[in-house]
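Me: I should like to understand how the terms used for a protein model are justified. May I ask about them one at a time?

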Amino acid sequence: MEVFYILVFGILAAVVAALELTKTSKDRVTTSSAFNSFKNNYLLVYSLMMAGDWLQGPYVYYLYTTYGFGKGDIGQLFIAGFGSSMLFGTIVGSLADKQGRKRACVTYCITYILSCITKHSPHYRILMVGRILGGIATSLLFSAFESWLVAEHNKKGFEQQWLSVTFSKAIFLGNGLVAILSGLLGNLLVDTFGFGAVAPFDAASCFLTIGAIIILTTWGENYGDSSDNKDLLTQFRGAAVAIASADSDMGSRLIAEAYPYEKIALLGAIQSLFEGSMYTFVFLWTPALSPNDEEIPHGFIFATFMLASMLGSSFASRLLARSAKVESYMQIVFTISSASLLLPIVTSFLVPSPKVKGGGITFAGCLQLLGFCVFEACVGIFWPSIMKMRSQYIPEEARSTIMNFFRIPLNIFVCIVLYNVEAFPITVMFGMCSIFLFVASILQRRLLVIAESQRPKPQEWTAMKERDPEDEPLNA
């Protein structure tokens with residue numbers, strides 16, 4: 001392995017360690033022992049859930065190739081996953097709000113375990129069912145757990161600032177350390193022990209089973225709007241109203257007063273633009289670093305990216321501990337992330353491409369790798385920050401439903417990219433992502449302006465609903 005990779009990894013590891021070891025009292029939030037127990041329980045479960053997800057990621061494509069499927073068939077399988085997340089995500093989100101977030105989290109475990117089991121079959125239809133189940137599980141992973149956490153945190157009466165501590169730690173562990181360890185474990189099972197490409201999926205099932213047991217035995221149940229006169233369709237409409245701002249019924253009056261629709265719509269657009277660029281980057285970084293089939297250590301580079309993400313989440317925890325205004329600093333984060341994804345375009349014009357196939361990483365590849373690490377650091381800042389903003393602006397009644405509404409344009413975008421990934425040059429794809437991220441920074445600026453004019457508390461939604469004597473169902 002080239003010294004360059006080890007040097008980048010070592011520098012990032014040193015910076016992350018320095019950030020964690022040099023935290024002062026200003027960088028730490030004083031909490032209670034009851035909160036620490038609650039936080040540690042959630043972090044354990046969240047880490048197990050993310051381990052179940054990360055173990056699968058690096059080996060899905062590889063497993064399909066071992067079964068003899070070509071790029072076209074594999075592309076259809078991936079599109080099925082994102083498509084099912086788009087089609088069923090809002091439905092399962094509404095069910096989580098109505099039937100209970102704890103039940104939804106257990107359903108995530110069961111659904112993902114079933115998806116892992118289908119990987120033992122080489123039959124295309126069974127694998128397609130597995131991808132559909134995986135898409136449903138992904139929707140629950142990115143909505144039900146956060147919704148349960150926010151509701152339970154508020155129900156227990158913990159301070160709002162403490163929620164940021166849980167968010168930043170969850171990303172530091174679940175999207176950083178656990179991702180690195182999962183990659184190493186998967187490599188150990190497949191390459192060292194020779195258990196085959198399906199072994200990581202079996203290991204993921206074990207982690208998910210342990211997590212489900214902990215949820216069932218230690219978590220309490222909480223709901224969104226569980227009133228008898230709010231069926232699934234009505235709750236679905238209510239979430240749409242929160243985003244689209246219909247103004248003819250009680251729900252819209254509540255939103256207009258306590259949660260201005262524009263905030264929710266802006267937050268959804270920002271999230272879709274950033275996550276769409278992030279998922280596109282996942283498909284593009286390998287051909288960007290090895291345009292002429294250069295030999296690059298994919299696993300080690302992946303671990304380096306996750307370390308950069310840990311650096312970002314560690315930095316975000318300092319900002320949140322110091323009560324920094326999320327809406328303000330995220331403008332800078334989006335701008336930096338936009339600039340970092342311009343590097344492949346810049347290097348394609350300024351650095352000549354080698355004519356010889358193979359070999360080690362080029363000078364242009366080294367520059368791009370550094371830029372990609374900056375982007376991953378921005379991803380590490382993004383996750384706890386967007387979680388913080390969602391906890392402030394999304395009404396508790398339909399939290400899971402609205403969060404999955406946000407994922408609809410994201411999944412449409414990713415499906416389009418997957419379908420046309422070979423139709424455009426890689427520089428065009430990176431340019432598109434950079435533009436999206438710059439637009440996100442502009443929308444974030446607008447969100448800051450609105451947030452400064454009115455900053456409601458999450459409890460105001462429920463409080464205003466209780467003051468309304470009619471409590472009538474939402475009209476279409």
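Reply: Certainly. Let us start with V106, which is called buried because its relative accessibility is 13%, and the limit for buried is under 20%. This is a predicted model, and V106 lies in its helix α5.

Me: What is V106 in contact with, leaving aside its neighbours within four places in sequence?

Reply: V106 is in contact with I215 and L216. Contact requires heavy atoms within 4.5 Å. A144 is 38 residues from V106 along the chain, and the C-alpha atoms of the two are separated by 9.8 Å.

Me: How do you know that the span of helix α9 agrees with its number of residues?

Reply: Helix α9 has 20 residues, 199-218, and at 1.5 Å a residue it should span 28 Å. The end C-alpha atoms of α9 are 29 Å apart, so the two values agree.

Me: Which residues of α9 are buried, and what do they pack against?

Reply: The buried residues of α9 include F201, L208, I214 and I215. The buried residues of this helix pack against α2, α3, α5, α7 and α8.

Me: Why is A34 called partly exposed?

Reply: The relative accessible area of A34 is 46%. Buried means under 20% and exposed means over 50%, so a value in between is called partly exposed. A34 is placed in helix α2. Its C-alpha atom is 9.1 Å from that of F158, although A34 and F158 are 124 residues apart in sequence.

Me: Why is K325 also described as partly exposed?

Reply: K325 has a relative accessible area of 37%, and this value lies between the limits of 20% and 50%, so the term applies. K325 is in the loop between α13 and α14. K325 and E452 are 127 residues apart in sequence, yet 9.9 Å apart in space, C-alpha to C-alpha.

Me: How many disulfides does a search of the whole structure find?

Reply: The search finds zero. A disulfide is a covalent bond between the sulfur atoms of two cysteines.

Me: How do you know that C109 is not bonded to its closest cysteine?

Reply: The closest cysteine sulfur to that of C109 is in C105, at 7.5 Å, which is too far for a bond. The cut-off for a disulfide is 2.5 Å. C109 counts as buried because its relative accessibility is 0%, and C433 counts as buried because its value is 1%.

Me: What makes up the largest nonpolar core?

Reply: The largest nonpolar core has 139 residues, and those with the most contacts inside it are M49, Y108, F145, F305, M330 and F372. Helix α16 gives the most to this core, with 14 residues. Leaving aside its neighbours within four places in sequence, F305 is in contact with residues including F281, W285 and F372.

Me: How many cavities of 30 Å³ or more does the structure hold, and what lines the second largest?

Reply: There are three such cavities. The second largest holds about 130 Å³ of space. It is lined by 16 residues, and L141, F142, E146, M387 and R390 lie nearest its centre. Among the helices that each supply at least two residues of this lining are α7, α12 and α17.

Me: What is the secondary structure of the chain?

Reply: The chain comes to 19 helices and zero strands. Buried residues make up 57% of its 476 residues.

How values were computed:
Residues are numbered from 1 along each chain as its sequence is written. This is a predicted model: local features need pLDDT of at least 70, side-chain atom pairs count only at pLDDT 80 or more; totals for chains, interfaces and linings use all residues. Side-chain values use heavy atoms; hydrogens and water are left out. Helices (H or I, at least four residues) and strands (E, at least two) are DSSP runs, numbered from the N terminus. The expected span of a helix is 1.5 Å times one less than its number of residues. Buried means under 20% relative accessible area, exposed over 50%, partly exposed in between (1.4 Å probe, protein chains only). A nonpolar core is a set of buried Ala, Val, Leu, Ile, Met, Phe, Trp, Tyr and Cys residues joined through side-chain atoms within 4.5 Å. On a 1 Å grid over the protein atoms alone, a cavity is a set of points where a 1.4 Å probe fits but cannot get out, and a pocket is an open set with protein on both sides within 12 Å along at least five of seven lines; lining residues have an atom within 4 Å of a point. Grid points are joined across faces, edges and corners, and a volume is the space filled by probe spheres set on the points.
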